[in-house]
Amino acid sequence: MKNIAELPISEIVSRDYRAALVFRTFGIDFCCKGDQTIQEACTQKKADPHLLFEKLIEAFTKPAEDHFDYKSWPLTLLANYIENKHHSMLRERIPLIRKFLKRVVKVHGAHEPQLKKIKALFEDSTEDLKRHLEQEELIVFPFIRKICTDGERKKLLLSPNFQKIRELIYQLMEDHAQEGACLEEIRRLSNDYNPPSYACNTYKVAFALLQEFDVNLQKHMHLEHNILFPEAISLKPEQSIN
């Protein structure tokens, strides 16, 4: 990848998602703060940019088991992928994680108040997330599919309704920032999902599920925030769509 030091972090991840786990390890937000360069992000996080570059090179030389060029995908395909894979995963995992957190708080909450905070943060943020998913599935994604397939594309893009969709998309992108801040706080409270040495299996599973949720939600938000949504709202009536 050429001139990686000059690229925004979101662009690096869009070109090769293997970079995401490296940025995640360094606590760097590649979604909502993805307009930063590596140097800017490292300065903010007080991280070693040379070490980060080494880890990126190491990641890029490993075989890519699940690496796709999402930026080359048609918008309809990307919307379907997000809904079928990421939305489904969220709906499956949220009740399961809530169940485990409830058990952990019941046993350890009196002595570890941070667990109650984690549980409350997760419950509040996922309630907002459910509304977020519904707006995407019922309004935004169907519109994206329509402007990519309908012979009346020009009419749709010039209609007042398109401006309403753009405004909703901007609001959904603000939601991403709030979800990102919530994840960051949960990471801090959970010691980056590292349970204490005395943790029981339920405790360990709860943190493992939270970490999996975190990684998947970040990828989900990245695909929307840095690829699907910007490309959708920048479409022109005369533009050819693949």
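**Close-up 1. The second largest cavity and the share that helix 2 takes in its lining.** Helix 2 (18–25) gives the largest share of the lining of the second largest cavity, with 3 residues. Helix 9 is also among the contributors, since helix 2 and helix 9 each supply at least two lining residues. If you would like to pick out the lining in this predicted model, select Tyr17, Ala20, Leu21, Arg24, Phe30, Val215 and Gln218. These lining residues divide into 5 nonpolar, 1 polar and 1 charged. The volume of the second largest cavity comes to about 40 Å³.

**Close-up 2. The largest cavity, with a volume of about 180 Å³.** This cavity belongs to a set of 4 in the structure that have 30 Å³ or more. Its lining is made up of 16 residues, and those nearest the centre are Gly27, Ile28, Asp29, Glu184 and Arg187. Two or more lining residues come from each of helix 3 (38–45), helix 8 (160–189) and helix 9 (201–233). Helix 8 supplies the largest share, 4 residues. Sorted by character, the lining of the largest cavity holds 5 nonpolar, 5 polar and 6 charged residues.

**Close-up 3. Helix 5 packed with helix 6.** Here is a helix pair to look along: helix 5 covers residues 75–108 and helix 6 covers residues 113–149. Their axes lie 10 Å apart and make an angle of about 165°. Angles over 145 degrees count as roughly antiparallel, and helix 5 and helix 6 are therefore roughly antiparallel to each other. The crossing of this pair is left-handed. In the contact of helix 5 with helix 6 you will find 17 nonpolar, 6 polar and 13 charged residues.

**Close-up 4. Helix 5 again, now with helix 9.** What angle and what distance between axes describe the packing of helix 5 and helix 9? The angle is about 155°, and the axes are 8 Å apart. Helix 5 and helix 9 are therefore also roughly antiparallel to each other. Their crossing is left-handed. The residues of the contact of helix 5 with helix 9 divide into 24 nonpolar, 6 polar and 6 charged.

**Close-up 5. Ser72, in the loop between helix 4 (49–60) and helix 5.** Keep Arg15 in the frame for this one, as a partner for a distance check. Ser72 and Arg15 are 57 residues apart in sequence, and their C-alpha atoms are 9.9 Å apart in space. Is Ser72 buried, partly exposed or exposed? With a relative accessible area of 40%, Ser72 is partly exposed.

**Close-up 6. Asp192 and Tyr193, two loop residues with positive phi.** Asp192 is found in the loop between helix 8 and helix 9, and Tyr193 is found in that loop too. For Asp192, phi is about 55°, although this residue is not a glycine. For Tyr193, phi is near 65°, again a positive value in a residue other than glycine. Which of the accessibility classes does each one fall into? Asp192 has a relative accessible area of 32% and is partly exposed. Tyr193 is at 5% relative accessibility. Buried means under 20% relative accessible area, so Tyr193 counts as buried.

Key
Residues numbered from 1 in each chain as written. Predicted model: local features only at pLDDT ≥ 70, side-chain atom pairs only at ≥ 80, totals over all residues. Heavy atoms only, no water. 1 Å grid on protein atoms, 1.4 Å probe; cavity = no way out; pocket = protein on both sides within 12 Å on 5 of 7 lines; lining within 4 Å. Points joined across faces, edges and corners; volume = space filled by probe spheres on them. Nonpolar A, V, L, I, M, F, W, Y, C, P; charged D, E, K, R; others polar. Axes fitted to C-alpha atoms, helices over the stretch in contact; angles between N-to-C directions. Parallel < 35°, antiparallel > 145°, perpendicular 65-115°, else oblique. Left-handed = near helix turned anticlockwise from the far one by under 90°. Buried < 20%, exposed > 50% of the residue type's maximum accessible area, 1.4 Å probe, protein only.
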